[in-house]
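These are my notebook entries from one session with a single model. I recorded each point as I looked it up.

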Amino acid sequence: MNYQEVLKRAKETMAPRCKVCTECNGIACRGISPGPGGRGLGRTFQRNYQYLADHVKIHMNVLAQKEEKQNTEVTLFSKTFAAPVFCAPIGMPDFTYTPFLNDETYAKAVVAGAKEAGIVAFTGGGAFDKCFFAPLEVTKHFGGWAIPTLKPWKMDVVKQRIALAEEAGVFAIAMDVDGIGLQASIDDETIKPIVPKSQQDLKEIVSSTKLPFVVKGIMTAKEAIEAVEAGVYGIVVSNHGGRVIEDGLSTAEMLPEIKKAVGDAVKVFVDGGVRTGSDVFKMIALGADGVLIGRPYAIAAYGAKEEGVRIYTEKVIKELKQTMLMTGCFEIKDITMEKIKIVP
Ligand SMILES: Cc1cc2nc3c(=O)[nH]c(=O)nc-3n(C[C@H](O)[C@H](O)[C@H](O)COP(=O)(O)O)c2cc1C
């Protein structure tokens, strides 16, 4: 199977919610809720995509060649990956897209497909219990090869679930602290499963586990520094793919100032609007250590489950290598700010 066939099948299995557009930019799906679109008219989703596409451009550098092959390998979480690319967590696919996949079968597709391609998936889940347990069972089956992304549940629940994730053998955990934005519609305090988190809560989480902890949903330098002070392993510069706020800034435009504020004190991950290997290249140049991709992995999984995830990952890595070739980069560390130009 090739990537075009994956897309063709996804068009069928995702209809009518996702149209599998040529450009996954948040325009055709604006206002489709529940669905793949962004909050409101989807302006934050569109800005993530459009800023990266229109304002971050790549310098060619072809006289720097050596007889070396481009190497995209990176070491993060004390593990070596084929590339600094991760599947972003996607929860409740049956509710957002179609019942062709659910939390369990989606997790199986991304965990297995990522593993085959030499990378790893952050697994997601909605705020409700089943959304956490099904992906965790899958993760256990694959020897702990996933990064469970906890919801910002109440602290006692968070700690119980961290203990379960540890038992499942995972090597890191994450939490989408911006997930509170999805909960706004639930007013009943007695059933409200998720609550906002503070810097103190992050400190408590970090000290409750030996696993590296990644906080997802950081969009300002100030909060990034607070996360560093709380002792996290990494931050994900993310606005949840534009799903939690209308008229937010894009992740790519915030990344350089966040990286400047934290330096090398934590690993910096980013997501939002990344579709291709050259997008991954741009995010690395802007300061990221690792890049998460959301909707395209959903499309890949709906198109051909783990095979689709593997095929899409291989495509992104190939594009990343081609971009490195054209820019005189041989290792990921060669991808620096000088390789790009931010244009008005
Ligand atoms: C359908 C859908 C479900 C998502 N579910 C989760 C989730 O359960 N947990 C989470 O941390 N992020 C979730 N996200 C956000 C993604 O992890 C990621 O931040 C975002 O999709 C990145 O933007 P991109 O789709 O433009 O790549 C979800 C995104 C989508 C589109």
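**Cysteines**

I looked for disulfides first and found 0 in the structure. The model is a predicted one, and I read every entry below with that in mind. I then asked why Cys 87 has no bonded partner. The closest cysteine sulfur belongs to Cys 24 and lies 15 Å from the sulfur of Cys 87, which is too far for a bond, because a disulfide needs the two sulfur atoms within 2.5 Å. I also looked up the exposure of Cys 87 and noted a relative accessible area of 0%, so I entered this residue as buried. For Cys 329 I likewise found a relative accessible area of 0%, and I entered Cys 329 as buried.

**Helix α11**

I turned to helix α11, which runs over residues 295-326 and holds 32 residues. How far apart are the end C-alpha atoms of this helix? I found only 27 Å between them, whereas a straight helix at 1.5 Å a residue would reach 46 Å. I then looked for a bend in α11 and located one of about 135 degrees at Ala 304. After α11 comes Gly 328, for which I noted a positive phi, near 70 degrees.

**Surroundings of the ligand**

I listed the residues around the ligand and obtained 23. Which of them come nearest? I wrote down Pro 89, Gly 91, Asp 271, Arg 275 and Arg 295.

I next looked up contacts made by oxygen atoms of the ligand. For Arg 275, an N or O atom of the side chain is 2.9 Å from a ligand oxygen. For Gly 273, I found a polar backbone atom at 2.9 Å from an oxygen atom of the ligand. For Gly 294, a backbone N or O atom lies 2.9 Å from a ligand oxygen. I then looked up how much of the ligand is covered: on its own it has 610 Å² of accessible area, and the protein covers 98% of this.

**Backbone geometry in loops**

I checked the peptide bonds and entered a cis bond joining Ala 15 and Pro 16, with omega about 5 degrees. I placed Pro 16 in the loop between α1 (3-14) and α2 (43-55).

I also looked for positive phi values in residues other than glycine. Ser 78 is one such residue, with phi about 60 degrees, and I located Ser 78 in the loop between β2 (74-76) and β3 (79-81). Is Ser 78 buried or exposed? I entered Ser 78 as exposed, because its relative accessibility is 74%. Met 92 also has a positive phi, near 50 degrees, without being a glycine. I placed Met 92 in the loop between β4 (85-87) and α3 (93-96).

**Two distances along the chain**

I looked up Phe 122 and found it in strand β5 (residues 120-123). I entered Phe 122 as buried, because its relative accessible area is 2%. Phe 122 and Glu 226 are 104 residues apart along the chain, and I noted 23 Å between their C-alpha atoms.

My final entry concerns Gln 200, which I found in helix α7 (residues 199-207). I entered Gln 200 as partly exposed, because its relative accessibility is 48%. From Gln 200 to Glu 166 I noted 22 Å, C-alpha to C-alpha, for a separation of 34 residues in sequence.

Key:
Residues are numbered from 1 along each chain as its sequence is written. This is a predicted model: local features need pLDDT of at least 70, side-chain atom pairs count only at pLDDT 80 or more; totals for chains, interfaces and linings use all residues. Side-chain values use heavy atoms; hydrogens and water are left out. Buried means under 20% relative accessible area, exposed over 50%, partly exposed in between (1.4 Å probe, protein chains only). Helices (H or I, at least four residues) and strands (E, at least two) are DSSP runs, numbered from the N terminus. The expected span of a helix is 1.5 Å times one less than its number of residues. The bend at a residue is the angle between axes fitted to the seven residues ending there and the seven starting there. A residue is near a molecule or strand if one of its heavy atoms lies within 4 Å of it. A polar contact is a pair of N or O atoms within 3.5 Å; within protein, one must be able to donate a hydrogen and the other to accept it, and residues adjacent in sequence count only if both atoms are side-chain atoms. Accessible areas come from the Shrake-Rupley method with a 1.4 Å probe; for residues, only the protein chains shown count as cover.
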